[in-house]
Amino acid sequence: MYKVKDSGKNHYTIYNESMDNESQLTIENSLRKAIEREEFELHYQPQFMLEKGQLIGMEALLRWNTASQGYVPPSDFIPIAEETGLILPIGEWVLREACKQSVVWEKQGFARIRIAVNISSLQFQQSDFIDSVAKILAETEAKATCIELEITESVAIGFIENTISKLSKLKEMGFHIAMDDFGTGYSSLQYMSKLPIDRIKIDRSFISLLNTSNKNDTIVKLIVMMAKGLNFKVIAEGVETENQKAFLKSIDCDEVQGYLMSRPLKLEDCNRFLTETEGRVQLPTVLI
Ligand code: C2E
Ligand code: MG
Ligand code: MG
Ligand code: MG
């Protein structure tokens, strides 16, 4: 299914077309060694309240820095990690790293930064998911209230009761829960009213079309209305222009994340951002 093509010095692309066993194996083998070789990093993208500009959190985004190819984007390796099950140890690494960072920021006085962590469906569906999360919390001494777990619509398909009970347990532990890429999956409106979640993230594909199509604008408006009616916070991802931001403000969207405000930042840049903006951008006073 995947094919690797060398497309320059720093960079390769994986095509989803014909299966090339050898290439798939090469990536798989390097992925397998990536944790012990310490090739993974988390970058952090700030999220803001739209009205006040207040920082509300950071999304942790996985980066694979390979010795031979440089940074390989998540879209190129996460599908393979999911297909091979390697997303399980990788996902644990991501959560552990985010928890550790949360403790560090708290010690540095940035106590109320919530870190959002992407959880793959395969990971969420493991029967020991809750145990593994609890173990990581205990190990790192992080506070669950400082972590948001981002799940996608696909986790709920077919196992709605199971999903609800798992999410409820996670919420009891203190985690925040966000539904990522909202609008691109198969959410039934019926289960949206039942899922114990805190936040909906409107997928970037809707945001990039804002102000270009009335139909698209209507859908975004309706997602915001639905979220508010169901008592969820709503965040727009992939906000790139002032016009998009103005539209989102006009329809009362709560929060924004995107290149307009900030790209995902390496840890050192993120720390600089936190230090420099303290005082200018208001840091969170409460966990929202
Ligand atoms: P996502 O969770 O929806 O993350 C948002 C993606 O949009 C990120 O891409 C981010 O860099 C990008 N983005 C943010 N603002 C803008 C913008 O204004 N314009 C544009 N064009 N893009 C923007 P990234 O980092 O390449 O990650 C892609 C996807 O890979 C993520 O989508 C998520 O599904 C997955 N991913 C990333 N890290 C992890 C991880 O630790 N675990 C798992 N399971 N999946 C991850
Ligand atoms: Mg996400
Ligand atoms: Mg998303
Ligand atoms: Mg996603």
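This report describes how ligand 1 and two magnesium ions are held in a predicted model.

## Placement of ligand 1

Ligand 1 occupies the largest pocket of the protein. Its shell is made up of 22 residues, and Arg63, Asn118, Asp180, Glu240 and Tyr259 are the closest of them. Sorted by class, this shell contains 9 nonpolar, 5 polar and 8 charged residues.

Four elements each contribute at least two residues to the shell: the strands β4 (55-66) and β8 (176-182), and the helices α2 (74-84) and α3 (87-107). Strand β4 provides the largest share, with 4 residues.

## Polar contacts of ligand 1

Two side chains approach oxygen atoms of ligand 1. A polar side-chain atom of Arg63 is 2.8 Å from an oxygen atom of the ligand, and a polar side-chain atom of Asn118 is likewise 2.8 Å from an oxygen atom of ligand 1. On the nitrogen side, an N or O atom in the side chain of Glu240 lies 2.5 Å from a nitrogen atom of ligand 1. Taken on its own, ligand 1 has 800 Å² of accessible area, of which the protein covers 83%.

## The magnesium ion (ligand 2)

The magnesium ion (ligand 2) is coordinated at 2.0 to 2.2 Å by Glu59 (OE), Asn118 (OD1), Glu150 (OE) and Asp180 (OD). Along the chain, these donors follow the spacing E-x58-N-x31-E-x29-D. Because Glu59 belongs to strand β4 and Glu150 to strand β7 (residues 147-152), the pair ties together parts that are 91 residues apart in sequence.

Asn118 therefore appears in two settings: it is a donor of the magnesium ion (ligand 2), and one of its polar side-chain atoms lies 2.8 Å from an oxygen atom of ligand 1.## The magnesium ion (ligand 3) and the shared donor

For the magnesium ion (ligand 3), the protein donors are Asp180 (OD), Asp181 (OD) and Glu237 (OE), with Glu237 (OE) listed twice, at 2.0 to 2.5 Å from the ion. The sequence spacing of the donor residues is D-D-x55-E. Asp180 in strand β8 and Glu237 in strand β10 (residues 233-237) are 57 residues apart, and the pair links distant parts of the chain.

Which residue bridges the magnesium ion (ligand 2) and the magnesium ion (ligand 3)? Asp180 coordinates both ions, which are 4.1 Å apart. Asp180 is also among the closest residues to ligand 1.

Notes: Residues numbered from 1 in each chain as written. Chains lettered and ligands numbered in written order. Predicted model: local features only at pLDDT ≥ 70, side-chain atom pairs only at ≥ 80, totals over all residues. Heavy atoms only, no water. Near = heavy atom within 4 Å. Polar contact = N/O pair within 3.5 Å; in protein donor to acceptor, adjacent residues only side chain to side chain. Areas by Shrake-Rupley, 256 points an atom, 1.4 Å probe, with all protein chains shown as cover. 1 Å grid on protein atoms, 1.4 Å probe; cavity = no way out; pocket = protein on both sides within 12 Å on 5 of 7 lines; lining within 4 Å. Sits in = over half its atoms within 2 Å of the grid points. Nonpolar A, V, L, I, M, F, W, Y, C, P; charged D, E, K, R; others polar. Donors = N, O, S within 2.8 Å, 3.2 Å for Na, K, Ca; no water.
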